[in-house]
Amino acid sequence: MRSIIFVCIILIGLQLSVAAQQDTTNVEIDTTQIDEKFFNLGLQYFEKDQYEIAIQYFDSVIVHNQEYMDAYAYRGISKLELGLYMDAIEDFDYALILEPGYAEVYVFRGDAFLMIEDKEKACENWYEAYALGLKSSMKRIKANCALEKE
C-alpha cells in the first residue's frame, strides 16, 4: 500500500512539473513595452521636476535594458538637476558610448563639468556638440571658453 501511495505521489509531482514547464514556455513577456512604459513614467516625473522619482523609473528601465540610451541621458539630466554631478557625468558617458553622435548629451555633460569647475572638459564637450551640429551650444562656448582669435 505504501509503495502505491509513493508511486502516485511521484507521478503527481511529475505531472505538475511538466505542466509548470509548459505554462512558462507559452508565456512571452515583451520587455520592450515594459521599458517604454517605465521610461514614459520617468519622463512624466522629469517634466514635473520630480527628479528623484524620475530616476527610480529610469533605473528600472536600465535594469532591464542596459542599452536604453535615453534612460541614461534623462537619468543623467535628473542627477545634474539634483547636483549629483559626477553621477550625471557617468550616465552621460554611458549614453555617449551607446550613441556617440548625441549632441545634446555633450551639452549636458559639459554643464556637469562646469559645475565641478572643470572648464576645460566643459568646453571640449560644448565644442563637440557644436561640431555635431548643435549650434545653440555656441552660447555656452562664448560665455565660458576662450575663443581663438583669427
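Helix axes are lines fitted to C-alpha atoms over the stretch in contact, and angles between them run from 0 to 180 degrees between N-to-C directions. In the predicted model, helix H2 (residues 31-47) and helix H4 (residues 69-81) pack at an angle of about 25°, and their axes lie 11 Å apart. Because angles under 35 degrees count as roughly parallel, H2 and H4 are classed as roughly parallel to each other. Their crossing is left-handed. On the H2 side, the residues in contact are Phe39, Leu43 and Phe46; these meet Asp70, Ala71, Tyr74, Ile77 and Ser78 of H4. By class, this contact of H2 with H4 comprises six nonpolar residues, one polar residue and one charged residue.

Helix H2 also packs against helix H3 (residues 51-64). The axes of H2 and H3 come within 8 Å and cross at roughly 160°. Angles over 145 degrees count as roughly antiparallel, and H2 and H3 are therefore roughly antiparallel to each other. The crossing of H2 and H3 is left-handed. From H2, the contact draws on Asp35, Phe38, Phe39, Leu41, Gly42, Leu43, Tyr45 and Phe46. From H3, the contributing residues are Tyr51, Ile53, Ala54, Tyr57, Phe58, Ser60, Val61 and His64. Sorted by class, the contact of H2 with H3 has 12 nonpolar, three polar and one charged residues. Phe39, Leu43 and Phe46 of H2 thus appear in the contact with H4 and also in the contact with H3.

These helices belong to a chain that has eight helices and zero strands. From the N terminus on, the order of elements is α-α-α-α-α-α-α-α. The chain has 150 residues, of which 31% count as buried. Among contacts between residues at least 6 apart in sequence, 39% join residues at least 24 apart.

The structure holds five salt bridges. In one of them, Arg75 pairs with Asp59, and the closest N and O atoms are 2.6 Å apart. This pair links distant parts of the chain, with Arg75 in helix H4 and Asp59 in helix H3, 16 residues apart. Arg75 has a relative accessibility of 13% and counts as buried, since the cut-off for buried residues is under 20%. Asp59, with a relative accessible area of 29%, is partly exposed.

A further salt bridge joins Asp93 and Arg109, again with the closest N and O atoms 2.6 Å apart. Here too the partners come from distant parts of the chain: Asp93 lies in helix H5 (residues 85-98) and Arg109 in helix H6 (residues 103-115), 16 residues apart. Asp93 is partly exposed at a relative accessible area of 31%, whereas Arg109 is buried at 15%. Leaving aside residues up to four places away in sequence, Arg109 touches Ile89, Phe92, Asp93, Leu96 and Asn125. The salt-bridge partner Asp93 is therefore one of the residues that Arg109, buried at 15% relative accessible area, touches.

Helix H6 also contributes Asp111, whose side chain meets that of Arg140 in a salt bridge (2.7 Å, N to O). Arg140 is located in helix H8 (residues 138-144), and the two residues are 29 apart in sequence. Arg140 counts as partly exposed at 30% relative accessibility. Asp111 is buried, its relative accessible area being 15%. Salt bridges that share partners join Asp59, Arg75, Lys79 and Asp91 into one network.

Towards the C-terminal part of the chain, Glu120 is found in helix H7 (residues 119-131). With a relative accessible area of 59%, Glu120 is exposed, as the cut-off for exposed residues is over 50%. Glu120 and Asn144 are separated by 24 residues in sequence. In space, the C-alpha atoms of Glu120 and Asn144 are 9.4 Å apart.

Conventions. Residues are numbered from 1 along each chain as its sequence is written. This is a predicted model: local features need pLDDT of at least 70, side-chain atom pairs count only at pLDDT 80 or more; totals for chains, interfaces and linings use all residues. Side-chain values use heavy atoms; hydrogens and water are left out. Helices (H or I, at least four residues) and strands (E, at least two) are DSSP runs, numbered from the N terminus. Angles under 35 degrees count as roughly parallel, over 145 as roughly antiparallel, 65 to 115 as roughly perpendicular and the rest as oblique. A crossing is left-handed if the near helix is turned anticlockwise from the far one by less than a right angle, and right-handed if clockwise. Contact means heavy atoms within 4.5 Å. Ala, Val, Leu, Ile, Met, Phe, Trp, Tyr, Cys and Pro count as nonpolar, Asp, Glu, Lys and Arg as charged, and the others, Gly among them, as polar. A salt bridge is a side-chain nitrogen of Lys or Arg within 4 Å of a carboxyl oxygen of Asp or Glu. Buried means under 20% relative accessible area, exposed over 50%, partly exposed in between (1.4 Å probe, protein chains only).
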